[in-house]
Amino acid sequence: MFHLLPGRKILTTFAFLNVGLILVLLYFLSPSNKSLEITRYIGVSITILDVFAFLISIYFWRAIWEKIPIISEVYFPDINGIWDGKIIFIDAASNQEKELAARVRVKQNLWKINMNLCSATSKSYTLVAYPTIEAGNHKLYYVYHNTPKKPQYPEYKGTSILSISFSSRPMELKGQYYTIRGTQ
């Protein structure tokens, strides 16, 4: 998810914050040997900003998204939580369309998205998730590993492309999936 942020703006902001923090440290602590102390202040300020950025990216980003909801539409929405859904597929035995209830647990931060799906017949977990914005639409590409609950069926991998819909409340994830078994 982090790749969707405007990198140049983030680096510029952090550079200005770093310079500002160094100046504040120099002003309030005003050492007698400034050349030695400046390097210490640079190290301290970079460490403070790094810890701050880490805490925001892992723990506090959701609070920011909640306080400023436009970020969800401009950047990428917070899709954390438990999602109830359905998988629609063609049954190989009857060649008819069937539905299967599923529950998905999504864990997301600014660095990654993980999705674990559980249905009556199988469990799957995310190998790769790649959020993107295409023509103004939020999409999530992901590759997953599926383990059927019946041991006689082999494990398999699949891909899915999900579109995130803001028009309905609550938000919806819709898309298609494909597996190496040839199902979709």
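This report describes the fold, the strand pairing, the nonpolar core and two buried polar residues of a predicted model.

## Overall make-up

The protein in this predicted model contains three helices and seven strands, and from the N terminus on these elements follow the order α-α-α-β-β-β-β-β-β-β. Of its 184 residues, 30% are buried, while the area that the protein exposes comes to about 12400 Å², with carbon and sulfur atoms supplying 62% of it.

Among the contacts in the protein with a separation of 6 or more, 38% are accounted for by residues 24 or more positions apart.

## Strands β1, β2 and β3

Strand β1, which covers residues 81-90, runs antiparallel to strand β2, residues 97-108, and ten bridges join the two. Within this pair I82 stands opposite R105 of β2. The two strands form a hairpin with six residues between them, and in its turn N95 has a positive phi of about 60°.

Strand β2 also pairs in the antiparallel sense with strand β3, residues 113-119, this time over seven bridges. A102 has S119 in β3 as its bridge partner, and the hairpin that β2 and β3 form has four residues between them.

## Strands β4, β5 and β6

Further along the chain, strand β4 (residues 122-134) is joined to β5 by twelve bridges, and the two run antiparallel; one of the residues involved is K123, whose bridge partner in β5 is T147. Two residues lie between the strands of the β4 and β5 hairpin, where A135 takes a positive phi near 50°.

Strand β5, which spans residues 137-148, pairs in the antiparallel sense with β6 as well, over eight bridges. In this pairing Y142 stands opposite S160 of β6, a residue that returns below.

## The nonpolar core

The largest nonpolar core has 22 residues, of which I79, V106, I113 and M115 touch the most other members. Contributions of at least two residues each come from α2 (34-67), β2, β3, β5 and β6 (156-165), a list that includes a helix as well as strands.

M115 can serve as an example of the surroundings of a core residue. Not counting residues up to four places away in sequence, M115 touches V104, R105, V106, S124, Y125, T126, L140, Y142 and L162.

## Two buried polar residues

H138 has its place in strand β5 and is buried, because its relative accessible area of 4% falls under the 20% limit for that class. A polar atom of the H138 side chain lies 3.4 Å from the backbone oxygen of Y75. Leaving aside neighbours within four places in sequence, H138 is in contact with residues that include S72, E73, V74, Y75, F76 and P77, and also with T132, I133, L162, S163, I164 and F166.

S160, in strand β6, likewise counts as buried, because its relative accessible area is 5%, again under 20%. The backbone oxygen of Q176 lies 3.0 Å from a polar atom of the side chain of S160. Apart from residues up to four places away in sequence, S160 touches L140, Y141, Y142, Y144, Q176 and Y177, and Y142 is thus found both in this list and as the residue opposite S160 in the strand pairing.

Key: Residues are numbered from 1 along each chain as its sequence is written. This is a predicted model: local features need pLDDT of at least 70, side-chain atom pairs count only at pLDDT 80 or more; totals for chains, interfaces and linings use all residues. Side-chain values use heavy atoms; hydrogens and water are left out. Buried means under 20% relative accessible area, exposed over 50%, partly exposed in between (1.4 Å probe, protein chains only). A polar contact is a pair of N or O atoms within 3.5 Å; within protein, one must be able to donate a hydrogen and the other to accept it, and residues adjacent in sequence count only if both atoms are side-chain atoms. Contact means heavy atoms within 4.5 Å. Two strands pair if DSSP finds at least two bridges between them. Accessible areas come from the Shrake-Rupley method with a 1.4 Å probe; for residues, only the protein chains shown count as cover. A nonpolar core is a set of buried Ala, Val, Leu, Ile, Met, Phe, Trp, Tyr and Cys residues joined through side-chain atoms within 4.5 Å.
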